[in-house]
Amino acid sequence: MKKRGTLARGQVIDGTYEVLFYIGEGAFGEVYRVQHKYLGVQVFKLFKEDFEKSVDIEEISREARVLSKVTHPNVVRVFECNSFQLDAKTRHFLTMGFVSGETHTQLLARRINLSRAEAVNIMIDVLEGLDHVHSMEPPIIHRDINPDNILLSYDGVTPRGLLSDFGLAQPLDTDEHLPGAAGRYPYMAPECFWGTYILSSDVFSAGVTLYRAVTGIHPWQYEIEWEDTDPEDVVTEISRARKQAPRAASFHLEDEDDRLDEILFKAIERDLEKRYRNAGEFLAALKNWRDGVVEDLPKRLRDTTSSELPNKDYSAKSQGKGFDLIAGMHELKETLYQDIIRPLSEPELYKEYGVSPPNGMLLYGPPGCGKTYIAQKLAEEIGYHYIEVKPSDLASTYIHGTQEKIGKMFKEAAEKAPTLIFIDEVDAVLPNRDGRIDQHVSSEVNEFLAQMTNCADKGIFIVAATNRPENIDPAIMRTGRIDKVVYLSPPDVFARQEMLRLYLRNRPVDEDIDLTSLAGLMDGYVSSDIKFLVNEASRLALKDRVKISNAQFESVLKQHQPSISREQVRSYEKFRDKRTFSSED
């Protein structure tokens, strides 16, 4: 895969999409993460020129308009299919919702195969989305279900499967060869090679995908080099291999499961009369299997053997719902997942690669952006014991009393490990020793820094938060103390819209309320402001005994300005852009 795309970082498309970075290349186009002018982060797929020549772009555009109306938690949202001028040529693109996670292909590349329970749970998610579009009038057929087109969101307790890339798979033309597209052929139902796509064709592809996830291999073995073979020969080889009945999935595993084997056989049945007719039938069968087999398993289903699991139990988010309750902030969640959650949840894997687990993280930004809330939800997400520390908690009237409290706190954290220690107002707990502070305060800072150093080895992770990052002692940023620094900016319009939706949940809301326009009016308001605005709008609606609508919000907005000024935000952004930390002890 090439390392650079056609579009440059920072390039603006049609005055609407700013290219953030190049993600990679798929069978049909180059994929980028972009920032929409109003709607936040999206995925931008630039179609390859040879793909554009081989398909009916107008038909894809029509399907995109239909799909833009599909709203289901397990279907990646399609926003638009459009064109723009690039180097004096008309190029076409598709924009979709951004998912914080990875593709099913990437997961299988790491794991080879999944436990039956985990694979089935992901496929149930996918089939729920597929059943939704199969049930529409007229039904929508995906035509290209394979691991590349299944995205896994890590925003919740367990990976959630989402179906992506509807409509890009046109009927196969053996006179044309799309570079990179051959990998989808093993997932195609027999009738698809002759230009027939029906609901059951999607079931076949989903069945092959599930078989591959459970066993690590395809149901049929093909003696072919996919990328270098003529499409006609591909069809011939697939037809030859599929003349033989596939082995049961259990044949490739250590234990047997006749029920799931039969479900898979029916999903990948070559005879249309014997195959599940649509996603709903396949979904019902898998749910019955799940409810009968895995009802006692923990929610977080990670690896397949006990030797692969972390030593500690990271499964239970027993105190809450973790990231499920954080509205928006998808880039932050992805950063936390990639840089914090995965290393903490899979220490043995990272140890194998010689990568040390993170020791701590600093969250900084304006007041009211949710630093404390995020720390609490991070602890829930990874199942850590949680200790919250404020400056007043450590205060003592006795000499060395504060140092003793610090030592006692870290001792408790180690005994109850894995533990997340959240230090609020860390600028007051660990002030810069270059300033005018008393000797005993300097000693307390030294004690805290000593306890923090490499505390990850004891199963302790530090999250520090501040509204005044410039006042923190720079030694906190030394390697082995704080490894990650994250700026929490005021929420963008997309995050504000999600916050409104979250805060309005279970309240009497007018069906005509326009959250998009309200989010646009709340530019500069932080999360605590938005929660306040929702409560005030609710009070007004309650007073008049009416449902909550735009009218109440517009009235409240006239009376209440953002709690953070633009000058304050700019000062944080300046610190973000120019910050330097020393490595003093």
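Student: Let's start with C81. How do you know whether C81 is buried or exposed?
Tutor: This is a predicted model, and in it C81 has a relative accessible area of 13%. Buried means under 20%, so C81 counts as buried.

Student: What about C192: buried or exposed?
Tutor: The relative accessible area of C192 is 3%. That is under 20%, so C192 is buried too.

Student: How many disulfides does the structure hold?
Tutor: Zero. To be called a disulfide, a pair of cysteine sulfur atoms has to lie within 2.5 Å, and the count of such pairs here is zero.

Student: How much of the protein chain is buried?
Tutor: Of its 585 residues, 53% are buried. The accessible surface comes to about 28100 Å², and carbon and sulfur atoms hold 47% of that.

Student: What is the protein chain built from, in helices and strands?
Tutor: It has 20 helices and 14 strands. As for contacts with a separation of 6 or more, 70% of them are between residues 24 or more positions apart.

Student: Let's take a helix. How do you know that the span of α11 agrees with its number of residues?
Tutor: Helix α11 covers residues 371-382, which makes twelve residues. The expected span is 1.5 Å times one less than that number, so we look for 16 Å. The end C-alpha atoms sit 17 Å apart, and that agrees.

Student: What makes α11 "mostly covered"?
Tutor: Nine of its twelve residues are buried, that is, under 20% relative accessible area. Among them are I374, A375, L378 and I382. Right after α11 comes G383, with a positive phi near 70°.

Student: Now strands. Why is β12 called largely enclosed?
Tutor: Strand β12 runs over residues 419-423, and five of the five are buried, so the rest of the structure largely encloses it. Look at both faces: T419, I421 and I423 are buried on one side, and L420 and F422 are buried on the other. In general, side chains of a regular strand alternate between the two faces of the sheet.

Student: How do you know that β12 pairs with β11?
Tutor: Two strands pair if there are at least two bridges between them. Five bridges join β11 (residues 385-389) to β12, and the two run parallel. One spot to look at is Y386, opposite L420 in β12.

Student: And what joins β12 to β13?
Tutor: Five bridges again, with β12 and β13 (residues 460-466) running parallel. At least two are needed, so that counts as a pair. F422 faces V463 in β13. From β10 (residues 360-364), five bridges also lead to β13 in the parallel sense, and L362 has A464 as its bridge partner there.

Student: In what order do the strands of that sheet come?
Tutor: The order is β11-β12-β13-β10-β14, an open sheet of five strands with parallel pairing.

Student: Why are β11 and β14 called edge strands?
Tutor: Each has a single partner strand, so one side of β11 and one side of β14 (484-487) have no neighbour in the sheet. On average, neighbouring strands here are turned by 20° against each other, direction ignored.

Student: Which strands form the antiparallel sheet?
Tutor: That one is an open sheet of three strands, in the order β7-β8-β9. β7 (101-103) and β9 (160-163) are its edges, each pairing on one side only. From one strand to the next, the twist averages 30°.

Student: How do you know that β8 and β9 pair?
Tutor: β8 (residues 150-153) and β9 share four bridges in the antiparallel sense. The cut-off is at least two, so they count as a pair. L152 stands opposite G161 in β9. Helix α3 (residues 104-111) packs on this sheet, touching β7 and β8, at about 85° to β7. Helix α4 (residues 116-134) lies across β8 and β9, at about 35° to β9.

Student: Last pair: what makes L46 and T95 count as buried?
Tutor: L46 has a relative accessible area of 1% and T95 has 0%. Both values are under the 20% cut-off, so both residues are buried. L46 lies in strand β4 (residues 40-47) and touches residues including L7, F28, F84 and F93. T95 belongs to β6 (residues 89-97), and its contacts include Y17, V43, F44 and F79.

Notes
Residues numbered from 1 in each chain as written. Predicted model: local features only at pLDDT ≥ 70, side-chain atom pairs only at ≥ 80, totals over all residues. Heavy atoms only, no water. Buried < 20%, exposed > 50% of the residue type's maximum accessible area, 1.4 Å probe, protein only. Contact = heavy atoms within 4.5 Å. Areas by Shrake-Rupley, 256 points an atom, 1.4 Å probe, with all protein chains shown as cover. Axes fitted to C-alpha atoms, helices over the stretch in contact; angles between N-to-C directions. Lists of a residue's contacts leave out its neighbours within four places in sequence.
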